[in-house]
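Visitor: Please take me through one part in detail. I would like a close look at the largest nonpolar core.

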Amino acid sequence: MAGKNLASFSNTGRYYAHVCDDGKLRIWDVVSCVLKQEFTPDVHLTSPYTDLVWISTSKKVNLSSSNRKRKSSGSEIAASENENLLIGSKSGDIYLYSVASFSIINTFSDGHSCHVNSISWCRQTPDQFISCSEDQHVILWSLEDYSVKKKWKCGKFSTIALSDDGLSFVSAKKEIQWWDISGEKETLRKSFIGHSTDVHCLNFVRICGEPCVLSAAVGNRLLHAWLLKDDEDRSALAVFALDDALVSISVLSSSSSGLSVLASSRTGVLHLYTCTINGKKHRKPAKPKLTIQIAAESEDSKAKVEQIPIVGSAFCDENSAHIAYGGELILSFEKLQLKTTEKSMIIVRQDPQKKSVVNKEQSLNKVLPTSSCKNVQYVSSDMVNGFSGNSSKKPQKRPNNAEKSYDVPLEQRLENLSVDIPSTSNAPTSESLVHLLLQGLKSKDPKILEDVLSNSEESVIKTTISRLPVEAVLPLSTELISVLKGRRTNESESALKWLRTLVILHAAHLVSNPDITEVFAPLFPLIESKLNVIGPLYKLAGRLDLMIQQIKHRTDKSEQSLQSVSLQPKLIYQDEDSEEEYENEIVKEEVAVNNDNIVDDSDDHWDEMSELDDSGQEQSQEEMDVADDA
């Protein structure tokens with residue numbers, strides 16, 4: 001739900017738990033400021049967490065379900081056995097997480113059918129808790145036998161708070177309702193109206209023996225206190241004004257000082273309110289008695305001062321409180337004294353995120369200085385890796401006396417610098433992988449397991465698993481499933497090959513084992529989450545293919561259109577120079593003269609031909625006359 005803050009200090013103030021945006025549960029040690037645990041649920045993507053509540057139970061926790069190493073002492077485990085978490089999920093299940101065993105020890109799955117909106121537990125009644133869901137049901141659970149005690153259909157509520165006597169509860173959406181559950185059927189005792197948006201925070205508290213509830217709504221910077229009393233008055237008992245919307249709240253009530261409230265806002269500012277109830281209602285919003293801010297330490301005095309947000313707080317006693325500040329991934333914790341006469345307190349601290357970066361850089365820059373020693377021993381290539389090719393040769397040592405000069409031959413120096421040194425060690429075979437795998441499974445050494453399982457050759461995997469004892473099949477399956485739940489693609493690919501070969505070769509043993517369902521149970525939601533993503537990925541791949549084909553088609557079409565266009569010029573104009581023009585004129589004149597001569601010769605020849613024709617005609621006429629006379 002919007003506005004829900006999945007973070008809280010434990011009841012003893014020793015731990016701080018919060019759920020990050022990636023769905024992982026992180027638990028910090030408040031004293032040492034160290035990340036103690038990081039838990040990744042099997043269905044953190046399909047069914048993320050929706051609420052988180054610390055509880056303290058006296059019931060012993062069975063530590064045999066966890067196979068992790070214990071680095072803490074027995075007294076520390078005994079002290080942390082009572083620190084448990086109730087976690088609501090989007091699927092409707094409620095998980096009981098144990099800090100001592102680093103795992104979920106029980107699941108309440110027979111109550112709600114959908115999104116769990118809120119969970120409430122009270123220290124005065126530690127054997128029960130209450131929850132509300134989107135299915136409009138309110139359920140009272142038993143922590144002794146993990147069963148449903150009572151179940152009602154009261155409506156859809158965004159948050160809920162159980163009273164300290166366990167006989168009533170307060171629920172809210174926009175309207176706050178007070179319900180009586182002392183009988184077999186629930187009864188609405190009173191309603192309060194004062195918020196315009198959904199209420200995301202309800203805290204039950206007693207002020208001078210009178211039951212009250214504090215409420216805050218999404219996006220609203222006012223915190224209301226309501227008196228749970230059977231009368232007609234429905235107005236707020238007190239109102240507290242914040243600078244922005246509420247993020248976290250801690251309440252402390254005492255007979256001497258009245259009501260004390262620690263509230264951190266969305267801007268990262270912590271406010272301390274004190275209110276004494278003397279039978280009168282405070283109509284005017286109360287201002288904070290103390291405002292606390294944290295400024296980031298900077299070496300540059302002229303630089304802009306950056307604020308470190310305070311994300312959580314919890315009372316230790318009337319005069320001190322624990323605070324958590326920093327980012328989502330890196331947090332720091334501190335115990336502050338609240339007894340002061342100042343109205344504002346600004347603390348200068350180093351930013352936890354920058355501090356971690358500096359520590360990493362310092363660790364990377366730790367370079368050992370070069371040590372010089374007079375007793376230098378030159379080792380030839382025959383003595384590399386402890387192998388002596390000639391036992392008669394001994395390492396030569398440079399004497400301490402500088403007067404006795406001794407030079408190592410240049411050949412040996414070049415051999416020492418050579419990188420092509422023959423190695424006597426052979427590559428690991430399948431037999432050595434079997435021994436290494438058994439050793440890693442027995443000692444739980446992540447380095448050995450990573451070296452063995454990173455091998456992705458089919459022949460090596462098949463030979464190794466075929467020679468694996470039957471007793472190591474289930475531990476290897478558990479280890480492979482844990483690797484598959486990681487986010488490294490290379491490791492998941494090789495682990496998948498190992499798991500497939502293991503199932504094929506040892507199928508008979510796996511089927512006959514009664515614990516096979518529990519071992520492979522985390523694998524099914526992982527496969528389901530992967531399959532849910534395949535459809536959208538295929539759609540995206542298809543659309544990208546269509547876009548690429550369209551772009552390629554348009555490119556080919558444009559190239560074809562360019563090729564179809566004729567690149568031959570329609571007109572060529574060449575500007576001739578003056579010399580060429582002069583030569584052309586001379587050539588033209590010579591041609592003209594020749595033509596004139598030819599014309600003259602033709603005229604003379606025409607005259608001669610005409611004369612010959614005339615004489616020929618006369619001669620033929622004379623011959624014809626002679627023939628007639630004859």
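Guide: First, the frame: how many helices and strands does the protein chain have? It has twelve helices and 31 strands (DSSP runs numbered from the N terminus: H or I, at least four residues; E, at least two). The model is predicted, so local features need pLDDT of at least 70 and side-chain atom pairs 80 or more, while totals for chains, interfaces and linings use all residues. Residues are numbered from 1 along each chain, and side-chain values use heavy atoms, without hydrogens or water.

Now the core. It holds 29 residues. Such a core joins buried Ala, Val, Leu, Ile, Met, Phe, Trp, Tyr and Cys through side-chain atoms within 4.5 Å. Buried means under 20% relative accessible area; exposed is over 50%, partly exposed in between (1.4 Å probe, protein chains only). L437, L476, L480, W498, L499, L502 and F520 have the most contacts inside the core.

Helices feed it. At least two residues each come from α4 (430-443), α5 (446-453), α6 (458-466), α7 (473-484), α8 (489-505), α10 (516-520) and α11 (523-564). The largest share is that of α7, with seven residues.

Zoom in on L480. Its contacts (heavy atoms within 4.5 Å) include L453, A495, W498, L499 and L502, leaving aside neighbours within four places in sequence.

Another core lies apart from this one. That second set has 19 residues, among them C201, I207, L237 and L246.

Step back to the whole chain. Of its 630 residues, 37% are buried. Among contacts with a separation of 6 or more, 49% link residues 24 or more positions apart.
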